[in-house]
Amino acid sequence: MSDHVILPEGSLEKQTTTLNLGPTHPATHGVFQNIIELDGERIVGATQTVGYIHRAFEKIAEHRPLYQITPLTDRMNYCSSPINNMGWHITCERLLGVKTPKRVDYLRIIIMELARISDHLICNSIVGVDSGAYTGFLYVMQYRELIYEIYEEICGSRLTTNIGRIGGFERNFTNTAFEKLEKFIKEWPIVLAEFDNLFMRNRIFMERTIGVGPISAERALNYGFTGPNLRAAGVDYDVRVHTPYSSYEDFDFTIPVGSTGDCYDRFLVRDQEMWQSLHLIKEAYKKVQEFKGEEAEVFHADVPDYYLPDKKDVYTKMEALIYHFKIVMGEIDIPAGEIYSPVEGANGELGFYLISDGGRAPYRLHFRRPCFIYYQAYSELTKGGMLSDAIITMSSLNLIAGELDA
Amino acid sequence: MALSNELIRQKLIDKFGEELTNWEEPYGMLTFSATKDLNLKVLQFLYDDKELQFRFLTDLCAIHFPERKGEELAVVYHLHNLVDNIRIRFKVYTDINTPDVFSATALYAAANWMERETFDFYGVNFIGHPNLKRILNIDEMEYFPMRKEFPLEDQTRKDKDDEMFGRS
């Protein structure tokens, strides 16, 4: 035992300083609070407070039919809402036993990988901002815009997309959508390569991130890490490979892994995942183009009980109008069942645990939000580091307040 | 030998016998339940056993069944064996008046906040949890809002002055 003297609260010689970071600090990139205990500039402890934007999605979902839950999922990880939407639709399809056509699966992969790119892009460029490099962030934002334009062309909205339907998409992709996609495929790699040049071997950036906020593979697993943060620690767990959905098994792609689990590795893993996503988009687009004749027009499965009828028919045909009403108002009961269905969200394993008792709304719906689970390691990650490291660690974990609080 | 649902079930029955009940496989996921004082023993066995190796806690949440007298609350664990890539679901039921369940925090660091969330919304009292307080709701809250006796607000209610929110 050392002869450490515990000084009374408030005394001038008190060894540590308490710093209140958040809930609305510009460096937190979201609404959550960190009470950091500092010894000089070194962190001795951090206490997180979350829940500032808790909106009771799980409670609301117990009162809503399936389609009215999709917009709730948008608002979890709003940097990549299409993945959430499709994860939810895939959960419903698994519960209902719907088999989607291959073309739908490939179109979904295109959209989900675009969402992954836009999410990783934000995260990586924000790590840059927090280490003092604003340029990368401003430069790549215009290419996120291209992704949002593709969403817009398909579903009409940009951030909270509410994209897709149970069984497929609301309408077929237009030629404009494919043109925009081709433009993105052509221009994006050049920009990403430049972005890599800016950061990857940048001495200042490396000094700021290497060895900062590291975690071992064992601890990361124990903390329930998933996604890029787990892979940065060296575990090659990816839901797309382990529990394939939406025909990911048809594609050949690499799962990048790091070794130290520090901020630099997290940056590199996300960066390489963007390249892999681009590769997946190209492959999926190639496969989509191979469909000929009638097959090339397929954009949804045949599920009349859950797939909304064509808007044109709703306005002109009685039967379509009735079906539209029944589906939207939840007049069709969901079959009873219990299912856990995960997808690889941009932050990790996004799981939907759905229990239906055969009523119009789920009996219980639990969202496994990757952010919420790995944020609890923050105290352990930052302990012993400098205050400025804590900021970078936070942004490199890619904490999204919406997902944290649900 | 690759792990299969039958094998896991056999190993668990060999170890715990009749204590484990409600064997099901909804959508291919092996599901079973145990009495609540056994939860840690089962989790520990699943974690330690050389073949089972369920070392990843995917998810932990609760469900409220008001009509099941004596076992109103269910705590659900989703576990994942990452080596053989197989998932299982494990439930323990508890009485709502004495909702005491042993905490899994010693085994899985991930359980910490998930148990706090479960406590916050369902009032499950995790014994042995290092810091069991509310996490998403305000600290002053006096009830457990995800329990089924709390309905959402009636959309047609008239007794509230909602002029400012467009619902007059």
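Student: How many of the nine residues of strand β5 (residues 86-94) of chain B are buried?
Tutor: A residue is buried if 20 or more other C-beta atoms, placed from the backbone, lie within 10 Å of its own, exposed if 12 or fewer, and partly exposed in between. This is a predicted model, in which local features need pLDDT of at least 70, side-chain atom pairs count only at pLDDT 80 or more, and totals for chains, interfaces and linings use all residues. Residues are numbered from 1 along each chain as its sequence is written, with chains lettered from A and ligands numbered from 1 in the order in which they are written. Strand β5(B) is largely enclosed by the rest of the structure, because the buried count is nine of the nine.

Student: Which residues of β5(B) cover the side opposite I86(B), I88(B), F90(B), V92(B) and T94(B)?
Tutor: Both faces of β5(B) are covered. The residues on the other side are buried as well, and they are R87(B), R89(B), K91(B) and Y93(B).

Student: In what sense does β5(B) pair with strand β4 (residues 73-81) of chain B?
Tutor: Two strands pair if DSSP finds at least two bridges between them. β5(B) pairs with strand β2 (residues 30-34) of chain B in the parallel sense over five bridges, with L30(B) opposite I88(B). Towards β4(B), L73(B) has T94(B) as its bridge partner. Nine bridges join β4(B) to β5(B), and their sense is antiparallel.

Student: Which residue in the hairpin of β4(B) and β5(B) takes a positive phi?
Tutor: The hairpin has four residues between the strands. The phi in question is near 55°, and the residue is N85(B).

Student: In what order do the elements of chain B run from the N terminus on?
Tutor: Helices (H or I, at least four residues) and strands (E, at least two) are DSSP runs, numbered from the N terminus. Chain B has three helices and seven strands. Buried residues make up 40% of its 168 residues. The order is α-β-β-α-β-β-β-β-α-β.

Student: Which strands are the edges of the open sheet β4-β5-β6 of chain A?
Tutor: The sheet has three strands, and the pairing is antiparallel. Strand β5 (residues 349-356) of chain A pairs with β6(A) over five bridges, where G351(A) has R368(A) as its bridge partner. Each edge strand pairs on one side only, and the two are β4 (337-344) and β6 (364-368) of chain A.

Student: At about what angle to β4(A) does helix α3 (residues 81-96) of chain A run?
Tutor: Axes are lines fitted to C-alpha atoms, for helices over the stretch in contact, and angles run from 0 to 180 degrees between N-to-C directions. Helix α3(A) lies across β4 and β5 of chain A, and its angle to β4(A) is about 145°.

Student: Which helix supplies the largest share of the largest nonpolar core?
Tutor: A nonpolar core is a set of buried Ala, Val, Leu, Ile, Met, Phe, Trp, Tyr and Cys residues joined through C-beta atoms within 7 Å. Of the 145 residues in the largest one, I110(A), L404(A) and A62(B) touch the most other members. The largest share is 14 residues, from helix α4 (residues 102-130) of chain A.

Student: How many residues does chain B give to the contact with chain A?
Tutor: Two residues are in contact if their C-beta atoms, placed from the backbone, lie within 7 Å. Chain A gives 29 residues, and the number from chain B is 26.
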